[in-house]
Amino acid sequence: MFEKFFGFILFSFLIFQYSFAKEPLRFRKDGTFQIMQLTDLHYGGYFPEDVQSDLAQQTYFETEGENTDFVVFTGDILAVFCQIPIVAWQRAVYFTNFYQKNYAVTFGNHDYTEFYLLDKLITMDMEYEYSYSQKGPENIHGVSNYYLEVLGSDSNETQLILYFFDTGDSDCEGVLGWGCVFHNQIEWYKNISNYLKEKNNRTIPALAFFHIPLPEYLDVWNNNICYGFKEETTCCWSQNTGLYQTFLEQGDVYGVFVGHDHKNDFIGNYNGIYLAYGRKSGFGCYEPELPTVQGTRIIKVQENSREIESWIRNKNGIKEIQKIHYPDEKDTQNYCLEHNPNPIPSSNGSKIHISSFFLFSFSFFFFSFFL
């Protein structure tokens, strides 16, 4: 672990500030494409939590890295009390570079506490060798709106689309509550989806990644068989802007993957679209509800198929079998939980977070000096 930590320090100071030529993403020869979803890492708030997150990430990559083709960070990469955002970001994505895994990011609401840095963060990230992140169009809401194409195992034809949406922070289009995908983002998606249909003369299967869950996550839990836990109320959009319905109409997206609610990790199929949470991956902010622990959702798809194989690999290296949940009228939620405008500190308390600045700074410069 120490050589990886020293490597992180070196990586922080020797960031490659030029663009690397990106090889096209591609299905494996066996026709599979496997994604590791990391969500809610919350780096930069409290140094001991960051060390635990480092160890957890190391476990994820040691156990699942060999079969992983792509890594997706679905927001809240930074802590709400992040002390040194640039360094925290570099630390969060360090393991993708150490293990030489291609990846992409989308922002979460806690990343928006550093809203003045969003352009700089995404631009910086785009310069890293294994990053496929992109800065989205400036005429729509958010920063991290873009798509990537995955080519076939033995052809240069597009076989899968990965969409990334920026759900912002709070108050969806002025409605008090949590953020969302705005109508202008949906129009952007429709235009891209139609363009790809015309370009390829067919509908290309697609997956979507963002941070704050759709309101339809309530419906899939209330009415369908799901696998996994729902140990807190779903904090979904303050208004339904119609993205899920647009997915149905366009007919391409068959899987949606989000984060945000640290104690929820369920997956279910709702009208042909898988709606899934990732497992909270890092130690910053509040933790999953025991007996669940931090982990990563693994998403395995097949070429020319709309089936998804998915599981949780936890921080201890164990592959979890998620429990089945049947609809239960005693366990339903009909409204999205409203956004609390006052950030809730981690269980360690805000005073510890304030003192963490000094601990983090001391440790950073100490290791840098002896490098």
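This report walks through the sheets, the helix packing and a few local details of a predicted model.

## The six-stranded sheet

Let's start with the sheet that runs E4-E3-E2-E14-E15-E16, an open arrangement of 6 strands with mixed pairing. Its edges are strand E4 (103-106) and strand E16 (319-320); each has a single partner strand, so one side of each is left without a neighbour in the sheet.

Inside this sheet, strand E2 (residues 32-38) and strand E3 (residues 70-74) run parallel and are joined by 4 bridges. If you want a spot to look at, take Gln37, whose bridge partner in E3 is Val72. As a reminder, strands of a sheet pair through backbone hydrogen bonds, and they can do so in either a parallel or an antiparallel way.

## Helix H2 across the sheet

Helix H2 (residues 47-64) lies across four strands: E2, E3, strand E14 (295-302) and strand E15 (308-314). Relative to E2, helix H2 runs at about 170°. An angle over 145° counts as roughly antiparallel, so that label fits H2 against E2.

There's also a charged link between this helix and the sheet. Glu64 forms a salt bridge with Arg313, and their closest N and O atoms are 2.9 Å apart. The pair ties together distant parts of the chain, with Glu64 in helix H2 and Arg313 in strand E15, 249 residues apart. In general, side chains of opposite charge can pair when their charged atoms come close. Searching the whole structure turns up 10 salt bridges.

## H2, H3 and H4

H2 also packs against H3, at an angle of about 20° and with the axes 10 Å apart. The two helices, H2 and H3, are therefore roughly parallel to each other, and their crossing is right-handed. On the H2 side, the contact is made by Phe47, Asp50, Val51, Asp54, Gln57, Gln58 and Phe61, which meet Arg91, Ala92, Phe95 and Thr96 in H3. Sorted by class, the contact of H2 with H3 has 5 nonpolar, 3 polar and 3 charged residues.

H3 has another helix to deal with. The axes of helix H3 (residues 85-98) and helix H4 (residues 118-126) come within 11 Å and cross at roughly 40°, and H3 and H4 are therefore oblique to each other. This crossing, too, is a right-handed one. Here Pro85, Ile86, Trp89, Gln90 and Val93 from H3 meet Lys120, Leu121, Met124 and Asp125 from H4. The class count for the contact of H3 with H4 is 6 nonpolar, 1 polar and 2 charged residues.

## The nine-stranded sheet

The other sheet to look at is open as well, with 9 strands in the order E1-E5-E6-E9-E11-E13-E12-E10-E17 and mixed pairing. Strand E1 (25-26) and strand E17 (324-325) are the edge strands, each pairing on one side only.

At the E17 end, strand E10 (residues 226-227) and E17 pair in the antiparallel sense over 2 bridges. Tyr227 stands opposite Ile324 in E17.

## H5 and H7

Further along the chain, helix H5 (residues 183-200) and helix H7 (residues 243-250) make a packed pair, with axes that come within 11 Å and cross at roughly 10°. H5 and H7 are therefore roughly parallel to each other, and the crossing is right-handed.

From H5, the residues in contact are Ile186, Tyr189, Lys190, Ser193, Asn194 and Lys197, and they meet Leu243, Thr246, Phe247 and Gln250 in H7. By class, the contact of H5 with H7 divides into 4 nonpolar, 4 polar and 2 charged residues.

## Two backbone oddities

Most residues other than glycine have a negative phi, and most peptide bonds are trans. Two places in this model go the other way. His42 isn't a glycine, yet has a positive phi of about 55°. You'll find His42 in the loop between E2 and H2.

The other place is the peptide bond joining Leu290 and Pro291, which is cis with an omega of about 15°. Pro291 sits in the loop between strand E13 (273-277) and E14. Those two strands belong to separate sheets in the orders given above: E13 is listed in the 9-stranded one, and E14 in the 6-stranded one.

Terms used: Residues are numbered from 1 along each chain as its sequence is written. This is a predicted model: local features need pLDDT of at least 70, side-chain atom pairs count only at pLDDT 80 or more; totals for chains, interfaces and linings use all residues. Side-chain values use heavy atoms; hydrogens and water are left out. Axes are lines fitted to C-alpha atoms, for helices over the stretch in contact, and angles run from 0 to 180 degrees between N-to-C directions. Angles under 35 degrees count as roughly parallel, over 145 as roughly antiparallel, 65 to 115 as roughly perpendicular and the rest as oblique. A crossing is left-handed if the near helix is turned anticlockwise from the far one by less than a right angle, and right-handed if clockwise. Contact means heavy atoms within 4.5 Å. Ala, Val, Leu, Ile, Met, Phe, Trp, Tyr, Cys and Pro count as nonpolar, Asp, Glu, Lys and Arg as charged, and the others, Gly among them, as polar. Two strands pair if DSSP finds at least two bridges between them. A salt bridge is a side-chain nitrogen of Lys or Arg within 4 Å of a carboxyl oxygen of Asp or Glu.
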